[in-house]
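Please take a moment to look at the sequence and the model shown below, and then follow the explanation through its pocket, its salt bridges and a few details of its backbone and surface.

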Amino acid sequence: MTAREVCFLIGHDGSVLWADASNSPTALPDSRQRWEAIWSNRERLREIAHSHPVGPAAFSREDETTMAALDAALGRPLRYSVVAPRVMIVRDHGETSETTDEPWWAALLRLASGMRKDSRR
Ligand SMILES: [Zn+2]
């Protein structure tokens with residue numbers, strides 16, 4: 001399976017509200033369906049997570065632009081995360097940090113993205 005970026009919308013209760021995938025390991029184009037899912041779930045939406053299956057464990061410039069636009073549209077700062085092969089980073093109230101306590105869906109996001117743990121290399 002080819003690696004690809006995957007996006008999850010996460011609810012306040014930790015459930016996956018919605019998911020979609022790109023065709024690329026290094027891009028997740030904006031989509032009307034995703035925006036509509038964000039808007040219709042905005043009351044129960046806590047976090048938007050996406051994968052960087054070939055890294056880096058950082059928000060891209062495009063991610064920054066998208067996050068700023070979403071916060072402005074929703075009128076509040078959401079939580080954002082990037083799940084990379086070895087690390088997950090979280091942006092919460094403007095501060096970015098590595099998380100050592102990954103939620104259950106991080107493994108699912110890696111699996112859906114075609115990431116390998118590289119534990120045998
Ligand atoms: Zn990204």
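A residue counts as buried when its relative accessible area is under 20%, as exposed when the value is over 50%, and as partly exposed in between. The model is a predicted one, and within it Glu47 has a relative accessible area of 2%, which is under the 20% limit, so Glu47 is buried.

Glu47 is a good place to begin, since it takes part in a salt bridge with Arg79, in which the closest N and O atoms are 2.7 Å apart. Because Glu47 lies in strand β3 and Arg79 in strand β4, this pair ties together parts of the chain that are 32 residues apart in sequence. Arg79 counts as buried as well, with a relative accessibility of 19%, a value that is under the cut-off of 20%. The pair does not stand alone, for Glu47, Arg79 and Asp92 are linked in a network of salt bridges.

The structure holds 6 salt bridges, and two further ones can be followed here. Glu64 forms a salt bridge with Arg91, and the closest N and O atoms of that pair are 2.8 Å apart. Here too distant parts of the chain are linked, with Glu64 in helix α2 and Arg91 in strand β5, which spans residues 88–92, and with their positions 27 residues apart in sequence. The two partners fall into separate classes of accessibility, in that Arg91 is buried, with a relative accessible area of 16%, whereas Glu64 counts as partly exposed at 32%. In another salt bridge the side chains of Arg110 and Glu102 meet, at 2.9 Å from N to O. Arg110 is buried, with a relative accessible area of 6%, while Glu102 is partly exposed, with a value of 32%.

The next feature to look for is the largest pocket, which holds about 500 Å³ of space. This pocket is lined by 27 residues, and those closest to its centre are Leu28, Asp30, Arg34, Asp63 and Thr66. Two or more lining residues come from each of the elements α1 (32–40), β3 (45–51), α2 (61–74) and β4 (79–83), and it is α2 that gives the largest share, with 7 residues. By chemical character, the lining of the largest pocket divides into 14 nonpolar, 8 polar and 5 charged residues.

Two details of the backbone also deserve attention. Gly55 and Pro56 are joined by a cis peptide bond, whose omega angle is about -5°, and Pro56 is found in the loop between β3 and α2. His93, in turn, has a phi angle near 50°, which is a positive value in a residue other than glycine. His93 lies in the loop between β5 and β6 (95–99), and with a relative accessibility of 67% it counts as exposed, the value being over the 50% limit.

Finally, the surface carries a nonpolar patch formed by Trp104, Leu108 and Leu111, which together have about 360 Å² of accessible area. Leu111, one of these residues, lies in helix α3, which covers residues 105–112. With a relative accessible area of 64%, Leu111 is exposed, because that class begins over 50%.

Conventions. Residues are numbered from 1 along each chain as its sequence is written. This is a predicted model: local features need pLDDT of at least 70, side-chain atom pairs count only at pLDDT 80 or more; totals for chains, interfaces and linings use all residues. Side-chain values use heavy atoms; hydrogens and water are left out. On a 1 Å grid over the protein atoms alone, a cavity is a set of points where a 1.4 Å probe fits but cannot get out, and a pocket is an open set with protein on both sides within 12 Å along at least five of seven lines; lining residues have an atom within 4 Å of a point. Grid points are joined across faces, edges and corners, and a volume is the space filled by probe spheres set on the points. Helices (H or I, at least four residues) and strands (E, at least two) are DSSP runs, numbered from the N terminus. Ala, Val, Leu, Ile, Met, Phe, Trp, Tyr, Cys and Pro count as nonpolar, Asp, Glu, Lys and Arg as charged, and the others, Gly among them, as polar. Patches are made of residues with over 30% relative accessible area and no salt bridge: like charges are joined within 9 Å, nonpolar side chains (Val, Leu, Ile, Met, Phe, Trp, Tyr) within 5 Å. Accessible areas come from the Shrake-Rupley method with a 1.4 Å probe; for residues, only the protein chains shown count as cover. A salt bridge is a side-chain nitrogen of Lys or Arg within 4 Å of a carboxyl oxygen of Asp or Glu. Buried means under 20% relative accessible area, exposed over 50%, partly exposed in between (1.4 Å probe, protein chains only).
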